[in-house]
Amino acid sequence: MTTLDWHAERADLNDIQLLDQAPESLGIDLGAVRRYRLGRVRAEMRKRAIGALVISDPVNIRYATGTRNMQIFCARNTPSRYLIVTEQRTILFEFTGCEHLAAGYETIDEVRPSMTASFVAAGPDIAVREKAWAAEIVATITELVGPGATVGLERMNAGAAIAMAQLGVRIVDAQEPIEMARAIKSDEEVKCVIASLRATEVAVGRLREAIRPGVTENELWSVLHQSVIAQNGDYCETRLLSAGRRTNPWFQECSSHVIGENELVALDTDVVGCHGYYSDFSRTFHTGPGKPTEAQRTLYKLAYEQVHHNMDILKPGMSFRNYADRAWNIPEKYHANRYYLSAHGVGMTGEYPYLYHHADFPAAGYDGEILPGMTLCVESYIGEAGGREGVKLEQQLLMTETGIRLLSEFPFEEELLR
């Protein structure tokens, strides 16, 4: 049996195979993943009588087709790379000079050069460029599905959307059909999620080993990045690592703060890993060299209790409202600094649905149904308002026909649970 060297360039593999055939891909039918996802998008379009989608969010383009190109750049420079999806055809408008990147994808019927309609690209003539862009898109859609089609549009310049509307197009928001498509994972997609998680767990293990008093948060965070990229992951979507007094309140981005002795170090991975799938779990560690204090252990045990209580109540068919009613009650002293969600959907990024705390449901919550095939993250942040430290924990799971299947396997800290 021949052993493949995955670290060497393979002359016998084309570009798509070089992207797909990596150690974390073994046993995954990535063609089936792509076909399933595009089918999901089209099914949700049919439910809403949408004739065409114009997709510009790089994550959603990747979901619908499997193609990727400069995701962060294209998210900021819109529209510079975009996709038309109809019932019968997909046309990818690729960034200048990048048309070759979509070669070999069965989800792409045609590639055309994009017309970048941003101010940076067009300067003072931006309105002229936007009108030309809109005219091209409307003409293409009319050719594909006829006049008068409802068009789902996302993440475009206001001027580009206005120009389309002035041409008589009925525009609806593309978010709903795409989010609802993404919410239900196929078995092959779940394999991608697990591959991303296993790689991220390796990276978090290396980060944990690198924790010591005297390093900065940024230095520690870079350990995670290095490992994620080396394992064919894409990027970390946030910078959520903090230590000591900077763990409370949550959402303090990592900095040049020097980590001290016997402090808590908390992180949320938020890793867009291999195949573009989100690996999203949170852990909190203790730096040593001494033992955790009673106060630190209390915070940790409460966060652990919240996560596991809320995992235990999750059932297929449960309504979002029922989940909120049965979710763990956050003690009053920690309520002000609570995490803004109780749980949320996850796939290629954080996604639908958002599951809110009981107290927040009347103002922010919406109802729906927890369905088999959803992947969810159950969250906890415990930190007293005005307190010194806080604890962030989170688990990623799959909802099945019979209950939950835990996907994230990184261990918790026994010394903080005693």
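Which residue is the bridge partner of Ala266 in β12? Select Ala266 and Thr284 together: Thr284 is that partner.

Before you click on, note that this is a predicted model, with local features needing pLDDT of at least 70, side-chain atom pairs counting only at pLDDT 80 or more, and totals for chains, interfaces and linings using all residues. Residues are numbered from 1 along each chain as its sequence is written, and side-chain values use heavy atoms, with hydrogens and water left out.

**Stop one: β9**

Now select residues 264-268, which form strand β9 (strands are DSSP runs of E, at least two residues; helices are H or I, at least four; both are numbered from the N terminus). Here 5 of 5 residues are buried (under 20% relative accessible area, 1.4 Å probe, protein chains only). Leu264, Ala266 and Asp268 sit on one side, with Val265 and Leu267 on the other.

**Stop two: the neighbours**

Add β12, residues 282-286: this strand runs antiparallel to β9 over 5 bridges (strands pair if DSSP finds at least two bridges between them). Then add β8, residues 241-243, also antiparallel to β9, with 3 bridges. To find one contact there, pick Leu241, whose bridge partner in β9 is Leu267.

**Stop three: a pocket**

Move to the second largest pocket, about 300 Å³ (the space filled by probe spheres set on grid points joined across faces, edges and corners). A pocket is an open set of points on a 1 Å grid over the protein atoms alone, where a 1.4 Å probe fits, with protein on both sides within 12 Å along at least five of seven lines; lining residues have an atom within 4 Å of a point. Select Asp57, Val59, Arg155, Arg182 and Thr349, the closest to its centre of the 16 lining residues. Colour α3 (58-65), α4 (71-76) and α8 (175-182) too: each gives two or more residues to the lining.

Conventions:
Buried < 20%, exposed > 50% of the residue type's maximum accessible area, 1.4 Å probe, protein only.
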